[in-house]
Amino acid sequence: MTEPTAQPPLRQAALPTHTLKGHQPRGSLEFLRGFVRNPAQVGSITPSSRYLEQRLVRNARISEARTVVELGPGTGGTTAAFLQAMSPSAQLLAIELDGYFYQHLRGAITDPRFGLELGSAQYLIDYLLARRMRAPDAIVSGIPFSTMPPLVSQRVAAAVARVLRPGGRFVAYQVRAHVADFVSPHLGPPDKEWEVVNMPPVRVFTWVKPAR
Ligand SMILES: C[S@@+](CC[C@H](N)C(=O)[O-])C[C@H]1O[C@@H](n2cnc3c(N)ncnc32)[C@H](O)[C@@H]1O
């Protein structure tokens with residue numbers, strides 16, 4: 001499988017500098033359209049539930065983070081939950097591979113703390129460097145490690161382990177357990193939980209990068 005829209009960072013997404021719009025940008029219909037377009041890449045027919053969003057916020061300690069990265073924001077339900085929990089001075093960079101979701105997010109989220117890149121999570125390091133962002137305290141991922149090309153999964157896992165600050169957290173939610181095969185060689189064994197109030201129920205893996 002190839003990643004047709006994956007590009008190294010050529011430019012930064014120019015986002016409006018207002019706050020989050022009044023409506024929640026969950027976009028369930030838009031999400032379903034995305035799944036029909038590319039089931040293996042999107043990996044789910046519905047956006048994450050509120051229960052899963054709040055579990056991710058807690059496990060990643062989003063409210064204490066200064067720099068947060070989201071891999072695979074989709075239509076932005078999880079993104080909005082992170083922004084709501086984040087401190088006013090924190091920053092969130094989201095990386096989305098799907099061009100339609102990217103356009104949707106650009107219109108839906110106008111929070112000045114939010115940055116967005118169109119491309120693959122495997123270029124995480126380049127995006128952070130291009131924006132001169134500090135090492136993330138938290139990285140949250142919904143990208144489907146079980147259906148991505150193994151080389152892409154390996155690159156994403158290595159990049160996450162490299163850029164995360166010591167003591168920082170990587171939280172990944174997946175139906176299947178493949179993500180652990182790619183990440184554990186770098187960050188050790190994860191904490192594992194299920195979030196059953198989600199369609200479908202998902203595993204939530206949490207890694208803490210060892211302090212130096
Ligand atoms: C299961 S959806 C999660 C969407 C949203 N975060 C949620 O929880 O509702 C996975 C998302 O990851 C995106 N994605 C898949 N592979 C990716 C990659 N290599 N880099 C960035 N995004 C990717 C898909 O386009 C999709 O938006």
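**Note on the predicted model**

1. Start with the ligand. The shell around the ligand has 12 nonpolar, 10 polar and 2 charged residues. Keep in mind that this is a predicted model.

2. Which residues come nearest to the ligand? They are Pro-47, Ser-48, Gly-72, Gly-74 and Gly-142, out of 24 residues around it. Three elements give two or more residues to this shell: helix H2 (39-42), helix H4 (77-85) and strand S2 (91-96).

3. Now the sheet. It is open and has 7 strands, with mixed pairing. The order is S3-S2-S1-S4-S5-S7-S6. Strand S3 (114-118) and strand S6 (191-195) are the edge strands, and each pairs on one side only. From one strand to the next, the twist averages 15°.

4. Look at one edge. S6 pairs with strand S7 (residues 202-208) over 5 bridges, in the antiparallel sense. Here Trp-194 stands opposite Arg-203 in S7.

5. H4 returns here. This helix packs on the sheet and touches strand S1 (67-71), S2 and S3. The direction of H4 makes about 170° with that of S1. H4 also gives two or more residues to the shell around the ligand.

6. Last, a pair of helices. How do helix H7 (residues 150-163) and helix H8 (residues 178-187) cross? Their axes come within 9 Å and cross at roughly 30°. The crossing is right-handed. H7 brings Ser-153, Gln-154, Ala-157, Ala-158, Val-160 and Ala-161 to the contact. H8 brings Phe-182, Val-183, His-186 and Leu-187. By class, the residues of this contact are 7 nonpolar, 3 polar and no charged.

How values were computed. Residues are numbered from 1 along each chain as its sequence is written. This is a predicted model: local features need pLDDT of at least 70, side-chain atom pairs count only at pLDDT 80 or more; totals for chains, interfaces and linings use all residues. A residue is near a molecule or strand if its C-beta atom, placed from the backbone, lies within 6 Å of it. Helices (H or I, at least four residues) and strands (E, at least two) are DSSP runs, numbered from the N terminus. Ala, Val, Leu, Ile, Met, Phe, Trp, Tyr, Cys and Pro count as nonpolar, Asp, Glu, Lys and Arg as charged, and the others, Gly among them, as polar. Axes are lines fitted to C-alpha atoms, for helices over the stretch in contact, and angles run from 0 to 180 degrees between N-to-C directions. A crossing is left-handed if the near helix is turned anticlockwise from the far one by less than a right angle, and right-handed if clockwise. Two residues are in contact if their C-beta atoms, placed from the backbone, lie within 7 Å. Two strands pair if DSSP finds at least two bridges between them.
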